[in-house]
Amino acid sequence: MVSLACRRKGKAVEQRMRRTSTKMASSIAAYRLHMSGRSKLVQFLQKVDIVFHRRVGTTAVAAHADPPAKDEAAGEKDGRLSFYAVQAQRQEEAERSVLINCPHRTNEKKILKFLSLHGDIKKCFTYESYGMHAVVEFASQDSVSSLLDGASIPSNNHESMVPYKSRLMTLRGLTEVTSQQSSEQNHPQTAIPINELIQRLSREESIDQQIVSLTEAYQLTEENSRLRFLVCSLLKDIAAAYFPECSIKPFGSSVNGFGKLGCDLDMFLDLDGISGRNLKMRKSGLTLEYQMKRASSERSATQNILSVIGECVDQFGPGCVGVQKILNARCPLVRFAHQPSGFQCDLTANNRVAMKSSELLYLYGQLDSRVRHLVFTVRCWARAHGVTSNIPGAWITNFSLTVMVVFFLQGRSPSILPTLDRLRELAGPADKSVIEGNDCTFVSDFDRIQLQSNTETLEKLLCEFFEFYASFAFSKKSINIRKGKEQNKPEASALHIQNPFETALNVSKNVNHAQLERFVALCKESAWLLQRGDAVAPKGGRAPSPWGLATLLLPSQVTGVKSRKKRKMEPASERIKGLLESLKNKKQPNS
C-alpha cells in the first residue's frame, strides 16, 4: 500500500512538473515572440537576402557596430542588401534609439556612463542643430523603456506643459567642459559650401577622382541616415495614438541612395500594414468587424487622416514647428520643420508608388557604382547653375535629372543599366506589385540581374552625358526608362519624361521651354569645357586653380545663361564646335 501510494504521489508530482514545464516553455515562447515582433521582418529578410551589415550611400564607419556572424556573412555574395532589408534594419535601429538634447561641450564619456545604467549602448553620435544633440541606440528596447521610466516631466511655474512623453529628451545636470576636455566629434548634417567643394576638387589628380570625391562630400552619411529613420519613428509614436499598427517610412532621396546632406525628409504614413484585412471566414460562419467611420472617397479619407495627424504634430510634437497642412494638393501632405534634427519634413499617406520609385532608383544605384557617382555629379552641376531649385516652379527636378541619367546609361553600348521592362521580365512571383492599377513589378534579387561588360570611365560618361542631351531631340522625343529608347512625344510640353510606373504622367510637365533651352545651353558649354586642353590636373602649386569638374561648377560663360568675364575659347573637337555653333545661331534673329 505504501509502495502504491508512493508511486501515485510520484506520478502526481511528475505530472505537475510537466505542466509547470509546459507553462514555462509557453511563457518563454510568448515572451520571445513578443520581443521579436518588431524585428520579425528584419530577421526574415536577413535569412533570405543577406545579413552583412552595410550602409547605404555612406562612408562613415559605425563605431559600435557589431561585425556580422560568419554564418550570416556567408549567405551574402556581394554585400548588397535589398531595399526592404535596409528599410527594416534601419527601422529596427530607430525603435531602439532616443534623441537627446545635451549641453554644449559636454563630455561624451559622462553621457554614455549615465545612459548605460539603463542597458548596453550599441551606437552613439552627436551633431549640432539648435544646440548639441546625441542619437543613442540601445541594444534592447527594454533599455529604452527603462530610460523613459526614469525621465521626469519638466517643471516650470511660468508655463503650462503638454504632458506628451516621447523619445526626444533633454539631459540636464552635467556641467560644460572646455573644448580640450570634450571628446565628442559632431557629425555634419549639411553639405559643404560650393566654394569649398571646388577647392577640394581642384586638388584631385583626375576627373574620375573628382567625381568620386564629390560623391563622398555630398552623400548621406550613416549617421544622417539613422537620424532620418529616428525622426520617422518619433512621428510614428504620435500617429500610433490613433493607428497603433501604423508605420511612418522615409522615401525619395532619404532612402534611394542619391540623397544629399541637407536634403528634405519625405515620408509617408503607411496604414496598409494594419492587421484584419482580407481575413478568411470561420467555419462557423460568424465573424466580428470593427465599426469604422466611412469617407466619401479614399482621397477624402487621406485628407482627414493627415489633418488630424498634422494637428497633433503641431500641438504635441516636440521640436516640430511651422506646421502647414497642404491638403488640396494632388498628393495631400503635412509640411513642417523638425528643429532637433534640422530636417524640413513632408508627410503624406499611403504613397506606395513613390516608395516603389525609391526602390527602383536604389536598385539602379546598387547595380553599378558609376550610377551614383554620375547622378551626384549631374545634380550638383545642375544646382550650381540654377537648373534645379528648392522653390517650386518651372525648374527641372532632381528626380527628373536622375531618370535622365538612368536613360542615358541604358543607351550606352554595351548598356550599363537594364531597362525597367527587362527588370520586370526577371521578376519572380514575390516581386509582383500592382498599386492603384499601375504595374510596379520588377525584380528585387540582385543575383538574377546579369549586367553587360562596360568599362567606360566616369570622365568619359560625364562628357558623353552632356553631349547626349545637348543634341537630344526634345521637341519630338520622350524619355522612357521602361523601354530604354526614345519614344514619340505624346504631348506638347517642353520636356517629356514618362513616369516609370504611372505611365500616363509626365514627371517634367512643369518645365517650360526657357528652362529647357537653358539646360541644353549649359550641356553644350559643359561638354566643351571637358574637351578643353586645361581639363588636365595642374602640376605643382599650393593653391591649384579650378580644372576639370571644378571648372563646370563655376558660373556659366554662355551668353543668356549667367555671364562672367569671358575667356578666349581654345580649339576643341569638331563635334563640340558644332554644338557651340548651333547655340550661337539660335541666338541670332530670324533663326
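**Helix packing and sheet architecture in the predicted model**

Helix α7 (residues 194–202) packs against helix α8 (residues 207–218) at an angle of about 145°, and their axes lie 9 Å apart. The crossing of α7 and α8 is right-handed. On the α7 side, the contact draws on Ile194, Leu197, Arg200, Leu201 and Ser202. Helix α8 contributes Gln210, Ser213, Leu214, Ala217 and Tyr218. By class, the residues of this contact are 6 nonpolar, 3 polar and 1 charged. The model is predicted, and the values given here are computed from it.

A second helix pair is formed by α4 (residues 83–95) and α9 (residues 222–239). Their axes are 8 Å apart, and the packing angle is about 70°. Angles of 65 to 115 degrees count as roughly perpendicular, so α4 is roughly perpendicular to α9. This crossing, too, has a stated hand: α4 and α9 cross in a right-handed sense. From α4, the contact takes in Gln87, Arg90, Gln91, Glu93, Ala94 and Glu95. From α9 come Glu222, Ser225, Arg226, Phe229, Leu230, Ser233 and Lys236. The contact of α4 with α9 holds 3 nonpolar, 4 polar and 6 charged residues.

The third pair consists of α13 (residues 398–410) and α15 (residues 458–470). Their axes come within 11 Å and cross at roughly 100°. That angle makes α13 roughly perpendicular to α15. Met404, Val405, Phe407, Phe408 and Leu409 represent α13 in the contact. They meet Leu461, Glu464, Phe465, Phe468 and Tyr469 of α15. The division by class is 9 nonpolar, no polar and 1 charged. Glu464 appears among the α15 residues of this contact.

Helix α9 also belongs to the surroundings of a sheet. This sheet is open, has 5 strands and follows the order β5-β6-β9-β8-β7, with mixed pairing. Its edge strands are β5 (247–251) and β7 (320–326), each paired on one side only. Neighbouring strands are turned by 25° against each other on average, direction ignored. Strands β7 and β8 (residues 333–338) run antiparallel and are joined by 5 bridges. Within this pairing, valine 321 stands opposite alanine 337 of β8. Helix α9 packs on the sheet and touches β5, β6 (265–270), β7, β8 and β9 (343–349). The direction of α9 makes about 150° with that of β5. Another bridge position pairs lysine 325 with valine 334 in β8. A hairpin connects β7 to β8 through 6 residues.

Another open sheet has 4 strands in the order β2-β3-β1-β4, again with mixed pairing. Strands β2 (121–128) and β4 (168–170) stand at the edges. Each has a single partner strand, so one side of each is left without a neighbour in the sheet. The twist from one strand to the next averages 25°. Strand β2 runs antiparallel to β3 (residues 132–138), and 7 bridges join the two. Glutamate 128 has methionine 132 of β3 as its bridge partner. Helix α5 (residues 108–115) packs on this sheet, where it touches β1 (97–102), β2 and β3. The direction of α5 makes about 140° with that of β2.

Two loops carry backbone features of note. Tyrosine 130 has a positive phi of about 55°, although it is not a glycine. Tyrosine 130 sits in the loop between β2 and β3. A cis peptide bond joins serine 413 and proline 414, with omega about 0°. Proline 414 lies in the loop between α13 and α14 (420–425).

Aromatic pairs were sought across the whole structure, and 19 were found. One of them joins tryptophan 381 and phenylalanine 519. The geometry of this pair is edge-to-face, with 6.0 Å centre to centre and 70° between the planes. Tryptophan 381 belongs to helix α12 (residues 369–384), and phenylalanine 519 to helix α16 (residues 513–531). The two residues are 138 residues apart, and the pair thus links distant parts of the chain.

Notes:
Residues numbered from 1 in each chain as written. Predicted model: local features only at pLDDT ≥ 70, side-chain atom pairs only at ≥ 80, totals over all residues. Heavy atoms only, no water. Axes fitted to C-alpha atoms, helices over the stretch in contact; angles between N-to-C directions. Parallel < 35°, antiparallel > 145°, perpendicular 65-115°, else oblique. Left-handed = near helix turned anticlockwise from the far one by under 90°. Contact = heavy atoms within 4.5 Å. Nonpolar A, V, L, I, M, F, W, Y, C, P; charged D, E, K, R; others polar. Pairing = 2+ DSSP bridges. Phe/Tyr/Trp six-rings, centres within 6.5 Å; stacked < 30°, edge-to-face > 60°.
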